[in-house]
Amino acid sequence: MADTVKQPPVYRNIHITQLPHYRLPAPGLVSILHRISGALLFVMLPFVIWLFDASITSEVSYAQFTSLFSAGWGGLPGWFFKLVALALIWAYVQHFIAGLRHIYMDVTHATGLAFGRGSAIATLIATAILTIALGAKLFI
Amino acid sequence: MAQTFGSKRTVVGAHYGLRDWLAQRVTGVVMALFTLAVIVQILLPGEMGYDKWAGMFSRQWMKVLTFITIVSLLWHAWVGVRDILMDYVKPLGTRLALQVATIVWLVGCVGWAVQVLWRL
């Protein structure tokens, strides 16, 4: 095999102060949101496990689980925890749909620009609709 | 500097990330199936409350599926967080420390989740 690359191209991360000047197309937005939502879910993991623990262990703990969102906890009001739950819902839905997009692209070798753009916009719209729907169920 | 990429890459048996890449997809599919299983059971007739919710996770097949999902989450999150650390944290010592902290964090979470799952 002939050497087609002589010098490895050097890519550096753009500086954080340059970020506002970058026009990020939809696939780029989905890409960075995949990262942000994944990191958020990773950081919030103990809270999710606490919710699972409280919701399932006993009827008493289930009452604690529901009172977190109605009465609040530790001086923080219930709506604060609803907002946190909404952020988790958004992160899960975003990561889930963008993940399915990844799998679909890997399986079908869908690498075209048009598909990347269209599916990225579809991901953002579907995430927004599902997050609003689930958020309405949470708050109303 | 010696060229260690392209056709002259050093073959070290590290699979150049293929295993992690594949693991991330397989574990993602497992978690997607778990999500579907939860959604279908929530949508089944019956008022949502403690009895229905706890009943879902009292079935043995659901416990096993949840356990597989927890382990998949560990692996999936490890690959993902490692990707983030490799991209943004360049000093090797700091990166290694954060990677160790990630593993400790994830294994702790998995232990807790499994305990919750199986004491039911």
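This report covers the folds of chains A and B and the contact between them in a predicted model.

## Chain A

Chain A is helical. It holds five helices and zero strands. Along the sequence the pattern reads α-α-α-α-α.

The chain is extended relative to the globule rule. Its radius of gyration is 20 Å, whereas a compact globule of 140 residues would come in near 14 Å. The C-alpha trace spans about 70 × 35 × 30 Å along the principal axes.

Burial in chain A stands at 17% of its 140 residues. Contacts reach across the sequence. Take those between residues at least 6 apart: 67% of them join residues at least 24 apart.

## Chain B

Chain B has four helices and zero strands. In sequence order they give α-α-α-α. With a radius of gyration of 20 Å, well over the 14 Å that the globule rule gives for 120 residues, chain B is more spread out than a compact globule.

A box of roughly 70 × 30 × 20 Å, set along the principal axes, is filled by the C-alpha atoms of chain B. Buried residues account for 13% of its 120 residues. For contacts in chain B between residues at least 6 apart in sequence, the share joining residues at least 24 apart is 71%.

## Contact between the chains

The two chains meet through 22 residues of chain A and 21 residues of chain B. Contact here means C-beta atoms, placed from the backbone, within 7 Å. On the chain A side, the elements that give two or more residues are α1 (26-43), α2 (45-57), α3 (59-70) and α4 (78-108). Which element gives the largest share of that side? It is α2(A), with seven residues.

The chain A side can also be split by residue class. It divides into 14 nonpolar, three polar and five charged residues.

## Summary

Chain A is built from helices, with zero strands. So is chain B. Chain A has a radius of gyration of 20 Å, against the value near 14 Å for a compact globule of 140 residues. Chain B also has 20 Å, well over its rule value of 14 Å.

Between them, 22 residues of chain A touch 21 residues of chain B. On the chain A side, α2(A) supplies the largest share, and 14 of the residues there are nonpolar.

Conventions
Residues are numbered from 1 along each chain as its sequence is written. Chains are lettered from A and ligands numbered from 1 in the order in which they are written. This is a predicted model: local features need pLDDT of at least 70, side-chain atom pairs count only at pLDDT 80 or more; totals for chains, interfaces and linings use all residues. Ala, Val, Leu, Ile, Met, Phe, Trp, Tyr, Cys and Pro count as nonpolar, Asp, Glu, Lys and Arg as charged, and the others, Gly among them, as polar. The radius of gyration is taken over C-alpha atoms; the globule rule is 2.2 Å times the number of residues to the power 0.38. A residue is buried if 20 or more other C-beta atoms lie within 10 Å of its own, exposed if 12 or fewer, and partly exposed in between; C-beta atoms are placed from the backbone.
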